[in-house]
Amino acid sequence: MTGQSRHNLAKGIYITNQLQEAKADDAFDFVALSQKKSSATELQKMVANENFFILPKGISPKEQSKRIDRILGYRIGRIEQKHLQSYCAYYRPAADERKKHFEGTQTWIGLHPQVLQTPYSEIWHFLNILRPYNPKTIVDFGAAYGRIGIVMKGIFPQAEFIAYEIMETRAAEARRMWEHLQLDRCVMIQQNILEDEFAIPPADVYFMYDFSSPLDVRVILKKLLAKLKSDRFFLVARGSGIRSLIQLKFPQFWSVHGVIHHNDWSIYSSFCDLY
Ligand SMILES: C[S@@+](CC[C@H](N)C(=O)[O-])C[C@H]1O[C@@H](n2cnc3c(N)ncnc32)[C@H](O)[C@@H]1O
């Protein structure tokens, strides 16, 4: 954790983006790159360089992510627009017989694509904090288009990424992109993680960004809680829903080893002190 700007808060450490901005590499001309079509080989080289994901000065994390999506050739906008033809947006009451909400869980249809997913630079930031622990397996509960697997290539090239996603359309696009980038250590599993039979695989890092309602998020937190004493892992939680839940209802995640807070995400550990 050396080099991070940090301040002690009541129940953990608060870190800022300073280091991340200082290290950004000027070698990538994102505007120029987003206006041309790069070959698969060029793209594979870009994502293998972790500097590609570090936030340059003068641009927001979401804008940077939008450019990276365009450079990589993701078809997220098109796919999300199509969802709106079949399903009712999450923020509207179900309109008629034709358009219903996606059933059984919250899939955030209608949310802006750059809000639906964690910005690349944020992913780089928390992976960089976890670098000294050299994780071998990272799991994302509700992975959408699988961004974490892409950022992992430059920072933990040997690690495996296991992504669970309920929507096959999103899962298929993640697989297409990973194949194009030759990310053969990424596995996308189309799965409803709320099913009773869903068993959490062993991993060094679990990631969750408010994949559904607090009641649903609680189901996965309870399963992780059952592993807290026996397994060694980090939990990275993004979003106000899951962070409030952990703060108020799951103190076991931070009461022994502390917590690292960033503006948008927090890191908890089952085995090592974080403060
Ligand atoms: C807020 S997005 C986060 C995406 C990704 N983890 C990220 O941070 O970039 C949550 C994703 O979880 C998926 N999801 C929601 N409920 C789910 C469930 N019960 N099982 C699996 N995936 C689910 C949604 O379809 C959505 O793609």
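**Chatting through the model**

Reader: Hi! Let me start with Ser-38: how many other C-beta atoms are within 10 Å of it?
Author: Hi there! Ser-38 has 15 other C-beta atoms within 10 Å, so it counts as partly exposed. A residue is buried with 20 or more other C-beta atoms within 10 Å of its own, exposed with 12 or fewer, and partly exposed in between, with C-beta atoms placed from the backbone.

Reader: Anything I should know about the model and the numbering?
Author: This is a predicted model, where local features need pLDDT of at least 70, side-chain atom pairs count only at pLDDT 80 or more, and totals for chains, interfaces and linings use all residues. Residues are numbered from 1 along each chain as its sequence is written.

Reader: Thanks! Where is Ser-38 found, and what does it touch?
Author: Ser-38 is in the loop between α2 and α3. Helices (H or I, at least four residues) and strands (E, at least two) are DSSP runs numbered from the N terminus. Leaving out residues up to four places away in sequence, Ser-38 touches Leu-33, Leu-43 and Ile-71. Touching, or contact, means that the C-beta atoms of two residues, placed from the backbone, lie within 7 Å.

Reader: So on to α3. Which of its residues are buried?
Author: Leu-43, Met-46 and Val-47 are buried in α3, which covers residues 40-47. Seen down the axis of α3, these buried residues fall within an arc of 90 degrees, so they line one face of the helix. The arc is that of the directions from the helix axis to the C-beta atoms.

Reader: What about the other side of α3?
Author: Thr-41 and Lys-45 are exposed there. The buried residues of α3 pack against α4 (61-72), α8 (147-155) and α9 (168-180).

Reader: Tell me about α4. How far does it reach?
Author: α4 has 12 residues and reaches 16 Å from its first C-alpha to its last, close to the 16 Å expected at 1.5 Å a residue. That expected span is 1.5 Å times one less than the number of residues. Among the buried residues of α4 are Gln-64, Lys-66, Asp-69 and Leu-72.

Reader: What follows α4?
Author: Gly-73, with a positive phi near 90 degrees. Here we meet our starting residue again: Ser-38 and Gly-73 are 35 residues apart in sequence and 9.0 Å apart in space, C-alpha to C-alpha.

Reader: What is phi in Trp-108?
Author: Trp-108 has a positive phi of about 60 degrees, although it is not a glycine. Trp-108 lies in the loop between α5 and α6, and counts as buried because it has 22 C-beta neighbours inside 10 Å.

Reader: New topic: which residues have the most contacts inside the largest nonpolar core?
Author: Ile-138, Val-151, Tyr-206, Met-208, Leu-235 and Val-236, in a core of 70 residues. A nonpolar core is a set of buried Ala, Val, Leu, Ile, Met, Phe, Trp, Tyr and Cys residues joined through C-beta atoms within 7 Å.

Reader: And how many residues surround the ligand?
Author: There are 25, and the closest are Thr-105, Gln-117, Gly-142, Ala-144 and Tyr-209. A residue is near a molecule or strand if its C-beta atom, placed from the backbone, lies within 6 Å of it.

Reader: Last one: how many helices and strands are there?
Author: The protein has 11 helices and 9 strands. Of its 275 residues, 37% count as buried. Happy exploring!
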